[in-house]
There are 2 protein chains.
Amino acid sequence: MNQKERVVIIGGGFGGLYAAKRLKHAPVEVTLIDRRNHHLFQPLLYQVATGELSPADIASPLRRLLKTQRNARVLLAEVTGFDVANQQVILRNGTVPYDTLIVAAGAGNHYFGNDHWQQWAPSLKTVEDATEIRRRIIAAFEAAEVASDPDTIRSWLTFVIVGGGPTGVEIAGSLAEIARETLKNEFRSINPSDARILLVQSRDRILPTYPPGLSEKAAQTLAKRGVEIVTGTRVSEVGPQDVTLSYGDEVEMVPARTVLWTAGVKASPLGQALADATGVSLDRGGRVEIEPDLTVSGHPEIFVIGDLASFAHQDGKPLPGVAQVAIQQGQHVAESIKTRERGHRLPDFRYRDKGNIAVIGRGAAVAEVGRFRFAGWLAWQLWAYIHLTYQLEIENRLLVLVQWLWNFITRSRSALLITDRQETGFTTPEIGDQRRRWIYDTGLWPRVE
Amino acid sequence: MNQKERVVIIGGGFGGLYAAKRLKHAPVEVTLIDRRNHHLFQPLLYQVATGELSPADIASPLRRLLKTQRNARVLLAEVTGFDVANQQVILRNGTVPYDTLIVAAGAGNHYFGNDHWQQWAPSLKTVEDATEIRRRIIAAFEAAEVASDPDTIRSWLTFVIVGGGPTGVEIAGSLAEIARETLKNEFRSINPSDARILLVQSRDRILPTYPPGLSEKAAQTLAKRGVEIVTGTRVSEVGPQDVTLSYGDEVEMVPARTVLWTAGVKASPLGQALADATGVSLDRGGRVEIEPDLTVSGHPEIFVIGDLASFAHQDGKPLPGVAQVAIQQGQHVAESIKTRERGHRLPDFRYRDKGNIAVIGRGAAVAEVGRFRFAGWLAWQLWAYIHLTYQLEIENRLLVLVQWLWNFITRSRSALLITDRQETGFTTPEIGDQRRRWIYDTGLWPRVE
């Protein structure tokens, strides 16, 4: 029988989705497996965490995105492993056979062996992470408003962001705006602009992947906006009410009720599963070390792309875990599959770096495009333009644009909501604790008498 | 000392919020207490549950709404009871003294003594309810797509809405649109328009509070759009996989994995707490039976308004639990407080019914305004106009309008997302079960071979 080649893609992120879309007219049967029903526009996720956008503004159902692609189907399921001998993907219950496999399962955050820190220092990967972080930020100001003891108030108004990469910088910048502008006049007992925002970076400068000049510019802008930057500093302990910072052998304990984690990245456990199945080696971050053609050594039928892949065949060090790498790899794999159809050997992947932009806050960003480096208003406009045009659905562009304009003009934020499962009885233990803790702090409400 | 009169308002819904705003220029100190940080525009909540709007589009932070009102402060806390002797509101930890108390704590849903049904038949009151219902609706179609056994597929594609009031009608109409239009071509194994949507009503007609003619019109429209209406029928049992319906002594068990509860309303437990504290009597729904001036008998300093109040001094039967009643009562109480300042006695409340509109779906609604009754396109436009203008923030109007226009033109929905705490490890037992259950159903994914 002339069965069409079955291409199974794991992960609906940038890599997997762009691979699927590029295969639109190929004579293959594409199956995109994800445990989420939506593609998430990660680069703007921090704006959900800081109440500027709603989740739906940056998330698009995978089925809708592939609705018109008749050779593609979406399977909402969780992949647990691989049976490479029989060419099957193993689901929690069931299997899916493949002729060609594209693994684009992405990465999560890395707590360097201290996973218990996560409950006190959430990281930002999913929509739930974003709404949880948003909840904590607002709840912290609310807790400070009702607290009576000055130390308690100070610890509620202290925010520690761990990690000085783009995400850390973006969150720190937004937090400064929330404290200094958005919440202005909204509280009666506290002044939100008293908030202390610490950006902790282990390396000697923030945005270490950027040219030193831009790091400097970013640091200056953040400082001007009231963010304290602590470089050359590690987090040695995270607790419910404080963070322990250590510079060299100096150690300081900072009382802080809100800690956000943007340091270290760890590849999806599917990387390990793939290593167990194929014997391929992983790098320190658990990423799969792939061949120049993006395949797994000895398995020309298995591709690994995106944050899960460690591609070190260009200038030695692995490519960064950014959207444009995943997109280019996804498209490359799709093209390889098409050409291979016609019997060609697989071409090597070459990454074309289109540049990098990190946003610092309203009207401020730093950009590196080819040999050009620039900062400020122009960089910010370029950032906004790129992040609008890369949205996959016109509707999302529209919604994001409307809210950006509105927020920019009014200096407000659309989505500063606390939502948890409290009322419906679904309180997560941790929310419960947090909520309870600050109710306890309350005591007699100050200033009522 | 010349202490200003302390007005404490419990609840940031329509009643409490409009009371607070109307007191803007009064020489009083207003404290608005809510356990949520936002006011929710309830009338559009069903659109969040059906993926048409995002939570933030219809929710506004209370602090922002009262930010410019210098005599008002917001306290995010949970009220547990009242100490009327010492004129104090008791919080879970702490107390707030008052001179005048306005209780507007609202109502929740009523399972008629079968609260355990809630896990299988969630109701729609909070943002969390809405996103949970949205999740279940989408997850049901996903589960049907991956299921192999025809009976399982059918039970996943059967949706039962309990309660034929406005909310039930709105949800049923939206569900029909989702199944017949929104999800068209998005699935490969199932046809979403095979979905069976049952609207179960215990009375002899849907929208029983409307004139029979409009109920008839609504029923016809829903039927045309593929909703099965079952009147004169009660739900006698709800389980994880089926609902038991009983008409008279006939009993039928309907396999259905998605059941939504819009029947019965039960007043907030604070009604009971108030009864314990003041000896005021409650009606069958647990609502506080108040005096013509909206106060609690024997307590001229305590007002009860909105869904929590049972006001039966107009044509005998209590006023319905709708936004316009709460708004008018909130404003009335504020005026009473102002005039009382000047030593007048409290005026009685009179409700001016401005009419009722229930929306059935795109371009279809039924309306009753004074002696006029109309249905269809015109009624729908009136509905849209009213629900836009009653939004408290311009921004919300803007966001809702943009999405309505977009959804209307494209027949799509902006926010069809599954979001739960699965990935972040916060799975609620019930989501876990549901998710697990359908993963188990999966088996070998059909049609892959």
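**Helix 12 and its partners**

In this predicted model, helix 12 of chain A meets helix 12 of chain B through A:Ile394, A:Glu395, A:Leu398, A:Leu399, A:Val402, A:Gln403, A:Trp406 and A:Asn407 on one side and B:Ile394, B:Glu395, B:Leu398, B:Leu399, B:Val402, B:Gln403, B:Trp406 and B:Asn407 on the other. Sorted by class, this contact holds 10 nonpolar, four polar and two charged residues.

How are two such helices described? Two packed helices are described by the angle between their axes and the distance between the axes. Here, helix 12 of chain A and helix 12 of chain B, each spanning residues 394-410, have axes that come within 11 Å and cross at roughly 165°. The two helices are therefore roughly antiparallel to each other, and the crossing is right-handed.

Within chain B, helix 12 also has a partner in helix 11 (residues 377-389): their axes come within 9 Å and cross at roughly 150°. Because angles over 145 degrees count as roughly antiparallel, helix 11 of chain B is roughly antiparallel to helix 12 of chain B. From helix 11, B:Trp377, B:Trp380, B:Trp383, B:Ala384, B:His387, B:Leu388 and B:Thr389 meet B:Arg397, B:Val400, B:Leu401, B:Trp404 and B:Phe408 of helix 12. By class, nine nonpolar, two polar and one charged residues make up this contact.

B:His387 of helix 11 leads on to another part of chain B. Setting aside neighbours within four places in sequence, B:Pro43 is in contact with B:Phe14 and B:His387. B:Pro43 sits in the loop between strand 3 (38-40) and helix 2 (45-49) of chain B. Is this proline buried, partly exposed or exposed? With 24% relative accessibility, B:Pro43 counts as partly exposed.

Note on methods
Residues numbered from 1 in each chain as written. Chains lettered and ligands numbered in written order. Predicted model: local features only at pLDDT ≥ 70, side-chain atom pairs only at ≥ 80, totals over all residues. Heavy atoms only, no water. Axes fitted to C-alpha atoms, helices over the stretch in contact; angles between N-to-C directions. Helix = DSSP H or I, 4+ residues; strand = E, 2+ residues; numbered from the N terminus. Parallel < 35°, antiparallel > 145°, perpendicular 65-115°, else oblique. Left-handed = near helix turned anticlockwise from the far one by under 90°. Contact = heavy atoms within 4.5 Å. Nonpolar A, V, L, I, M, F, W, Y, C, P; charged D, E, K, R; others polar. Buried < 20%, exposed > 50% of the residue type's maximum accessible area, 1.4 Å probe, protein only.
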